[in-house]
Amino acid sequence: MNKITIKDIIKKKGRSKISMLTCYDYSFAKVLDEAGLDMILVGDSLANVVLGMEETRRVSVTEMLNHTRAVAKAVKHSLVVADMPYTSYQKDPKKCLYYAKKFMAAGADAVKIEWFQKCPYVVEKLIKNKIPVMGHIGLTPQTAHLLGGYKVQGKDKLSADNLLKQAKQLEKLGVFSLVLECIPLELSRQITKSLKVPTIGIGAGKYCDGQVLVLYDFLGLYQGKKLKFTRAYLNLFSQAKTAVRRFVREVEKGKFPNKSESFSLKK
Ligand code: KIV
């Protein structure tokens, strides 16, 4: 399988749907890559599902860079997108290019930027400096506290029009794709139709050009609140728990390790 490029992702619009999952480590990145996933997002959901933090805003640049490096090392096929954490561009937008270069040097093929007041400034600056950018509008977790919490966005005409405007503005600035999070499917359909670049939905219904899920929701591993729009393709939490219980029993009973799992002295 060849390495997927930004051009390949854009060309898929209207031809075939785009698949994306988040990923945070080398071993799972290998699974996703070998299975033929189009894009891997080193999401700042790392904060919640891996580091046990309440808010994605808390994850540091160093943590995100470490996980981006681990994922990029494993990937031969999928396009790797690194989520820029809050502190790398929202705290001081002027520093966005400095940090984006660090993510590219860590092995990312592109970075993702969530909508906030200075988003157009950041996106323009990065794209002018040849850094491919994926936008993210709708429910933007880094600024969820300003949106009334983790709620569906764009339900009324005013906020729907506003989201459409943001999408068009980001396309004009040159994003190569756009994540639509937690918005009504009628609105994501309208946005998808009005853009030339692909939309990737999470909680945005079936009309998007692609779909993204958080890996640990997809695997049935994360035990946080069950969200309406996620689908667990495995029940890894319960399967892993059963396996650990078996290990505990086998260690207690002296059944692990056996002879073939042990070393012997030379005769
Ligand atoms: O960090 C993340 O997991 C994300 C997805 C929800 C798109 O940004």
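**Figure 1. Ligand site of the predicted model.** A polar side-chain atom of lysine 112 lies 3.0 Å from an oxygen atom of the ligand. The model is a predicted one. Two further side chains come up to ligand oxygen atoms: an N or O atom of serine 45 at 2.6 Å, and an N or O atom of aspartate 83 at 3.1 Å. The residues around the ligand also include Thr22, Leu41, Gly43 and Asp44. His136, Glu181, Ile202 and Val214 complete the set. Two of the residues around the ligand, Leu41 and Asp83, come back in the views of the strands below: Leu41 is a buried residue of strand 2, and Asp83 is a buried residue of strand 3.

**Figure 2. Strands 1 and 2 and the crossover between them.** Strand 1 (residues 18-22) and strand 2 run parallel and are joined by three bridges. Across this pairing, leucine 21 stands opposite isoleucine 40 of strand 2. To get from strand 1 to strand 2 the chain passes through helix 2 (residues 26-34), and the resulting β-α-β crossover is right-handed. Strand 2 (residues 39-42) is covered on both faces. On one side the buried residues are Met39 and Leu41, and on the other they are Ile40 and Val42.

**Figure 3. Strand 3 between strands 2 and 4.** Strand 2 pairs with strand 3 (residues 79-83) through four bridges, and the two run parallel. Valine 42 stands opposite alanine 82 of strand 3. Strand 3 also pairs with strand 4 (residues 110-114), again in the parallel sense, over three bridges. There, valine 81 stands opposite alanine 110 of strand 4. Five of the five residues of strand 3 are buried. Leu79, Val81 and Asp83 are on one side of the strand, Val80 and Ala82 on the other, and both faces are covered.

**Figure 4. Serine 177 in strand 6.** Serine 177 belongs to strand 6 (residues 177-181). Its relative accessibility is 0%, so serine 177 counts as buried. Leaving aside residues up to four places away in sequence, serine 177 touches Val133, Met134 and Gly135, and also Val197 and Pro198.

**Figure 5. Two residues with positive phi, one exposed and one buried.** Most residues other than glycine have a negative phi. Lysine 130 has a positive phi, near 65 degrees, and is not a glycine. Lysine 130 sits in the loop that runs between helix 7 (119-128) and strand 5 (133-138). With a relative accessible area of 74%, lysine 130 is exposed. Cysteine 182, also not a glycine, has a positive phi of about 50 degrees. Its loop lies between strand 6 and helix 9 (185-194). The relative accessibility of cysteine 182 is 7%, so this residue counts as buried, the cut-off being under 20%.

**Figure 6. Lysine 17 and its contacts.** Lysine 17 is in the loop between helix 1 (6-11) and strand 1. The side chain of lysine 17 reaches two backbone oxygens: that of lysine 206 at 2.9 Å, and that of cysteine 208 at 2.7 Å. Residues up to four places away in sequence aside, lysine 17 touches Lys12, Asp38, Lys206, Tyr207, Cys208 and Asp209. Phenylalanine 263 is 246 residues from lysine 17 along the chain, and the C-alpha atoms of the two are separated by 51 Å.

**Figure 7. Helix 11 and the segment after it.** Helix 11 (residues 236-252) has 17 residues, which at 1.5 Å a residue should span 24 Å. The expected span is taken as 1.5 Å times one less than the number of residues. The C-alpha atoms at the ends of helix 11 are 24 Å apart, so the model agrees with the expected span. Glycine 254 follows helix 11 and has a positive phi, near 75 degrees. Proline 257 is also placed in the segment after helix 11. Most peptide bonds are trans. The bond from phenylalanine 256 to proline 257 is cis, with omega near -5 degrees.

Notes:
Residues are numbered from 1 along each chain as its sequence is written. This is a predicted model: local features need pLDDT of at least 70, side-chain atom pairs count only at pLDDT 80 or more; totals for chains, interfaces and linings use all residues. Side-chain values use heavy atoms; hydrogens and water are left out. Buried means under 20% relative accessible area, exposed over 50%, partly exposed in between (1.4 Å probe, protein chains only). Two strands pair if DSSP finds at least two bridges between them. A crossover is right-handed if, with the strands pointing away from the viewer, the path from the first strand over the helix to the second runs clockwise. Contact means heavy atoms within 4.5 Å. A residue is near a molecule or strand if one of its heavy atoms lies within 4 Å of it. A polar contact is a pair of N or O atoms within 3.5 Å; within protein, one must be able to donate a hydrogen and the other to accept it, and residues adjacent in sequence count only if both atoms are side-chain atoms.
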